[in-house]
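Colleague: I've never looked at this one before. Could you walk me through how to read it?

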Amino acid sequence: MSQHILTAVAWPYANGPRHIGHVSGFGVPSDVFSRYQRMAGNKVLMVSGTDEHGTPIQVQADKEGLTARQLADRYNRVIAEDLTGLGLSYDLFTRTTTGNHYAVAQEIFLGLYKNGYIFPKTTMGAISPSTGRTLPDRYIEGTCPICGYDGARGDQCDNCGNQLDPIDLINPKSRINGESPAFVETEHFMLDLPAFSEALGTWLQSKQGEWRPNVLKFSLNLLGDLQPRAISRDLDWGVPIPLDGWRDRGDKRLYVWFDAVIGYLSASIEWAKRSGDPDAWRQWWQNPDARGYYFMGKDNIVFHSEIWPAMLLGYNGEGARGGAVGSLGKLSLPSEVVSSEFLTMEGRKFSSSRQIVIYVRDFLARYSADALRYYIAVAGPENQDTDFTWSEFVNRNNGELVAAWGNLVNRSISMAAKNFGAIPEAGDLTDADRAMLELSRNAFPKVGAELGRSRFKNAVTEAFDVVREANKYLAEQEPWKIKDDPERQKSILHVALQVVDDAKTMLTPFLPTSSNKIFQMLGGEGVWTGMPEIREVNEDGGPDYPVITGAYDEGAARWEHRPIQAGVPLAPPTPLFAKLDPKIVDEELARLGD
RNA sequence: GGGGCGGUAGCUCAGCCGGUCAGAGCAUCGGACUCAUAAUCCGUGGGUCGUGGGUUCAAGUCCCACCCGCCCUACCA
């Protein structure tokens with residue numbers, strides 16, 4: 001019954017703090033999913049970390065006079081704090097610059113190499129003459145050979161829209177330092193993706209009807225046109241290539257995406273080591289009954305539905321060339337790739353450089369994590385691009401979180417506390433009482449089913465139906481009017497509090513902080529649902545680094561109706577959610593750049 | 001250029017295999033109520049479902065073309 005569920009969450013790139021667009025795609029959905037699965041009794045392993053290699057981090061570090069490692073250290077911590085502040089329940093949120101990650105990435109490379117799925121090839125590529133580093137196409141600009149536009153990038157001309165090869169640009173210049181790029185022959189390792197097209201096709205076909213159709217169609221379509229893909233770069237920042245003659249070279253590293261996707265596995269292994277059972281990760285990666293769910297924004301689909309599965313197939317010896325299973329043993333492919341669309345900001349794309357952005361930490365400094373989590377769950381880019389507006393945020397917060405849900409909790413507990421000082425006993429139940437209780441209990445399987453298939457909007461809507469029904473029930477029963485019949489009053493309030501408790505349970509994946517408070521208000525002892533914490537760790541006495549982890553299994557939260565106990569003392573409640581002054585809309589809009 | 005997704009009430013969005021699918025929440029307007037953070041409850045108006053064709057007894061729902069937005073297009077991550 002209990003299943004092992006791997007929640008693999010996209011790795012944020014450590015070149016800046018995260019904004020709410022980032023966390024709406026991978027962060028909140030993956031956490032809602034994981035919290036639900038834990039409550040449903042499954043064994044969840046939720047892993048991620050910061051992705052810290054690659055050219056952009058090196059470039060930014062150079063600009064700031066730091067080493068790449070120093071820059072990565074800074075943003076690794078900032079991002080860990082952002083995600084912890086949101087209450088994202090990672091079992092381990094680590095980073096790609098650990099010795100463990102290097103070792104696992106190299107092991108996967110070697111497994112693929114031994115099976116013949118990685119081969120060397122000499123290609124022409126642009127490098128920066130002064131540093132010898134790969135100059136990615138997008139870092140080169142010049143005059144478009146087709147339309148004559150001056151600001152064309154190496155990969156594409158923004159003016160005429162044509163795709164370009166940087167070697168064809170007239171007067172190519174590096175966008176990093178203005179120098180002319182050198183086009184040189186350079187040897188790289190290629191991942192033989194065409195060798196997996198058949199195996200990938202079979203695998204993807206088996207997901208028909210299970211995955212969100214946009215992800216599946218997109219992925220199937222790519223199969224016809226798979227090309228070998230370079231998985232190394234001319235760069236000194238990254239995971240060394242684990243082959244004789246290459247290992248010690250300062251100028252060749254694995255391509256950042258190749259090592260980043262391996263992070264799901266290396267983080268699982270690191271988690272197992274830290275848990276005291278170094279083999280514990282195998283339950284999620286090698287048990288055929290385990291399920292792996294990968295959460296990301298739509299721009300990452302190809303890496304999770306094509307490249308990472310191909311790497312796993314190759315490591316398992318399951319591509320067209322066959323081969324042996326690697327020394328870690330056979331590894332499971334994703335069960336589902338859950339992709340979000342994009343969030344826009346007041347009708348425009350998020351842009352850090354143009355200040356069209358709201359960073360998670362700034363948001364959390366002024367508003368609560370639950371308010372943001374609720375907004376993302378109910379109005380986020382689950383199936384299509386959606387727009388974040390401050391006025392919509394205030395409306396949702398004040399009208400739904402505060403007025404409908406917060407007020408239901410407040411009015412119910414307040415009335416019971418004032419009149420009885422405790423959870424009252426229920427007497428004889430009327431049809432209306434029973435109907436209310438039944439509606440609430442019946443919502444558990446309905447909301448749970450939606451959560452299990454990552455339909456978060458449907459889930460939160462179903463849960464809120466219970467809230468609305470409860471407000472309606474109170475309006476109809478009018479317990480405040482029947483002071484002369486305390487027994488009837490007790491029954492009504494008992495029912496109301498029971499429904500509050502049920503709704504609190506069903507909203508826990510979305511609103512963990514406030515659900516913990518309600519649990520305590522109703523006399524619960526200990527922790528209801530665990531919250532993440534940052535812990536300083538190291539590897540074999542090396543430098544400390546922060547990880548996110550938590551004791552989520554210690555919480556009492558279960559996905560089930562929990563009878564409340566009559567007689568538990570109740571104190572007058574304090575409001576759960578802050579009502580927002582509509583003036584903040586203009587204040588926040590003034591903070592955005594134009 | 002090629003591929004994918006989206007374009008549904010003022011706003012944010014649901015609508016799987018074609019036939020109570022023209023919806024929800026908020027906002028508007030009218031009423032009720034006072035336990036509660038002036039919260040809640042009842043009622044109400046509002047959409048030629050991007051445009052133009054087509055298939056069908058029947059189409060937001062299938063097909064074609066076009067327009068707009070977003071993503072990918074393999075050296076951004």
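Modeller: Sure, let's begin with a strand pair: β8 (residues 182–191) and β9 run antiparallel and are joined by 2 bridges. Strands (E, at least two residues) and helices (H or I, at least four) are DSSP runs numbered from the N terminus, and two strands pair if DSSP finds at least two bridges between them. One bridge partner to look at is Ala-230 in β9, which sits opposite Met-190.

Colleague: What should I know about the model itself?

Modeller: This is a predicted model, where local features need pLDDT of at least 70, side-chain atom pairs count only at pLDDT 80 or more, and totals for chains, interfaces and linings use all residues. Residues are numbered from 1 along each chain as its sequence is written, chains are lettered from A and ligands numbered from 1 in the order written, and side-chain values use heavy atoms, with hydrogens and water left out.

Colleague: Which strands are the edge strands in the sheet with the order β4-β8-β9?

Modeller: β4 and β9, as each pairs on one side only. That sheet is open, has 3 strands and pairs antiparallel.

Colleague: And what about β6 and β7, where do they stand in their sheet?

Modeller: Their open sheet of 3 antiparallel strands has the order β6-β5-β7. β6 (152–153) and β7 (170–174) stand at the edges with a single partner strand each, so one side of each has no neighbour in the sheet. Between β5 (residues 140–143) and β7 there are 3 bridges, and Thr-143 has Ile-170 of β7 as its bridge partner.

Colleague: How do I read two packed helices?

Modeller: You describe them by the angle between their axes and the distance between the axes. Here, the axes of α7 and α9 (residues 301–315) come within 10 Å and cross at roughly 80°. The axes are lines fitted to C-alpha atoms over the stretch in contact, with angles from 0 to 180 degrees between N-to-C directions. That makes α7 roughly perpendicular to α9, a label for angles of 65 to 115 degrees.

Colleague: Which residues of α7 and α9 make the contact?

Modeller: Among them are Trp-257 and Phe-258 of α7, and Phe-303 and Trp-308 of α9; contact means heavy atoms within 4.5 Å. By class, that contact has 9 nonpolar, 1 polar and no charged residues. Ala, Val, Leu, Ile, Met, Phe, Trp, Tyr, Cys and Pro count as nonpolar, Asp, Glu, Lys and Arg as charged, and the others, Gly among them, as polar.

Colleague: How many residues surround RNA strand B?

Modeller: 67, with Asn-221, Gln-384, Thr-386, Arg-455 and Lys-579 the closest; a residue is near if one of its heavy atoms lies within 4 Å. The largest share of that surface, 13 residues, comes from α12. A phosphate oxygen of RNA strand B is 3.2 Å from a side-chain N or O atom of Lys-349, a polar contact being a pair of N or O atoms within 3.5 Å.

Note on methods
Polar contact = N/O pair within 3.5 Å; in protein donor to acceptor, adjacent residues only side chain to side chain. Parallel < 35°, antiparallel > 145°, perpendicular 65-115°, else oblique.
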